[in-house]
Amino acid sequence: MPFRVRERHPTLPGFGLTLGITVSYLGAMVILPLAAFTTFLASGTGWSTLWEPRVWSAIRLSLGSALAAAMVDAVLGFVVAWVLVRYTFPGRGFLDALVDLPFALPTAVSGIALTTLFAPGSWLGAITEQWGFSLAYTRWGILIAMVYIGLPFVVRTLQPAIADLPSDWEEAAASLGAGPIVTFWRVTFPSLRPALLTGMSLAFARAVGEYGSIIFIAGNLPHRTEIAPLLIVIKLEQYDYHGAAVIAAIMLLASLGILVTINALHNWQLRWQEGSVA
Amino acid sequence: MKQSLRCLSLAPSRSTSPTNGFTAASAEPSHPYAGLTQSSPVGILLRLGLILTTLLILGVFLVLPLVVVFAEAFRQGWHVYCAAISNPEALAAVRLSLSVTALCVAINTAFGLSAAWCLSKYRFFGRNALISLIDLPLSISPVVVGLLLILVYGQHGWLGAILERWGVRVIFAFPGIVLATAFVTLPLVVREVKTLMETEGSEEEEAARLLGANGWQIFYHVTLPKIRWALLYGVILCTARSLGEFGAVSVVSGHIRGFTVTLPLYVELLYNEYQFSAAFAVASLLTGVGLVTLVVKTVWQHRINRKLNRGQDCLFEEASFPCASK
């Protein structure tokens, strides 16, 4: 194949210049801070921060709520993606474009909008108040904000997977006598599972680190509704850099774990799809 | 055969363009699933139920927050709205946000173009590591980004003491805000441009090279026209994110009123002072920028879908005559 050779011996100019710019910018912007962070962690004491009950409960709250939010997103996102791909109805194009809103809106704006929406006495908050409970300023508020911020990840990873489903499989299942429910559960759903998992892990990773859209609706009571990113900010304001770095390290490890998982899932999905095509 | 397999796997690997081709699939009335569910009354009920559920989910999570922003902004009338966005502090925030954004977009566009060129035109050792490094800022919490910058440029940081001696202050000042924003928006331009450069290939560039064009001529006359829409979309994404970045900037800004308070920080400040109408008035400006991004994204998606579909047709034609390529 001729282009194999061309890729190994590039004839286009500019390799040295562009590589130089790329490496030095990434070095200054990404590698330098990460190196400073690692040496700071390695030199530091600060690991005792982990045993403070306040820190422990914040980390547990962040990871737990993010997991719950990813699961809620999986259910809601599945319905939304399915309907947007499979059905036509007036306003579908508009809704489809709107799915990206949580990406496009600044997090602080989302935060105050969601808080006003669910706060006692206003908008939806007034309705839930009549029923005797409030969503804002509780752990439910944190969950709502995390679901909001993660929803587009699930929808956007599922949409192409649903659109690319080989339709002859469903036909085959139907012609062999399977009802719609069996067809969905045994044929359609398993082939969408990799995409669903990828979307969920993206939503989880985003929710763990999310700050702006959560702090307004969370209430921020220590031990109860204080998320890990907020605790990092509080530690930084108290000049407790070691404590902040340790919490950040835990969150970075969680993100890294998610990144590795996503890559593994993605490879699995690609291999699976290539297998299905062949 | 191998080639046709490659173009089949092209669609799922482009997970960033979710709308790719599905309008055609769903408009097709003879789809087995649609037929299966439409035929029975249960199917029609299910279909209606699912559509209503979707409307409910998207209504509560996406439409209502939008409505809240504008309704609350105009709750006390035009005068309060205008006063809120035209007072000196608000104008200072707008000025700061715009200058930070201009700088970040310029830096990240220059970096994005050279990184995309480097990563899509050549294969070399460490290429995948660079790609991972570029994606890294997307998976780091904004608050942690702020912490990282403090560890480098803070008073006790690696470079903080040296810079202080030269009289340059980074943390709690303008440079810190720019660095935080640039870090967060680093991948946006590269990703868009690199993806398109890879799909477009390098044949035309190589032809230009053979005809004697130098590097800049190739880039300006051949590559730039091909990638200009991706570049524009990347720049718009970068602009919107720079204007709206909250967490990372919040950590390194120091919240000095009139000096280091960007637009999102100003929204937070007003909100925490219970000036809700003013907070939402300023927030409505940022929301407007977000909505523009959505419109541009939708237009861009249509464009790339058309292009991809056309590209795939060509590939299929080529693949159906395997003898011709030998």
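This note covers the contact of chains A and B and the domains of chain B in a predicted model.

1. The interface of the two chains. On chain A, 82 residues are in contact with chain B, which contributes 88 residues of its own. Helix H2 of chain A, residues 15-43, supplies the largest share of the chain A side, with 15 residues. Sorted by class, the chain A side that touches chain B comprises 59 nonpolar, 15 polar and eight charged residues.

2. One helix pair across the interface. Helix H6 of chain A (residues 107-118) packs with helix H14 of chain B (residues 263-272) at an angle of about 25°, and the two axes are 8 Å apart. H6(A) is therefore roughly parallel to H14(B), because angles under 35 degrees count as such.

3. Residues in that helix contact. From H6(A) come A:Ala108, A:Val109 and A:Ile112. H14(B) answers with B:Pro264, B:Val267, B:Glu268 and B:Tyr271. By class, this contact of H6(A) with H14(B) has six nonpolar residues, one charged residue and no polar ones.

4. Domains of chain B. The domain assignment divides chain B into domain 1, spanning 27-73, and domain 2, spanning 77-325. The C-alpha centres of these two domains of chain B lie 33 Å apart.

5. Contact between the domains of chain B. Domain 1 of chain B puts five residues into the contact, and domain 2 of chain B puts in eight residues. On the domain 1 side that touches domain 2, four residues are nonpolar, one is charged and no polar residue is present.

Note on methods: Residues numbered from 1 in each chain as written. Chains lettered and ligands numbered in written order. Predicted model: local features only at pLDDT ≥ 70, side-chain atom pairs only at ≥ 80, totals over all residues. Contact = placed C-beta atoms within 7 Å. Helix = DSSP H or I, 4+ residues; strand = E, 2+ residues; numbered from the N terminus. Nonpolar A, V, L, I, M, F, W, Y, C, P; charged D, E, K, R; others polar. Axes fitted to C-alpha atoms, helices over the stretch in contact; angles between N-to-C directions. Parallel < 35°, antiparallel > 145°, perpendicular 65-115°, else oblique. Domains from an automatic or database assignment.
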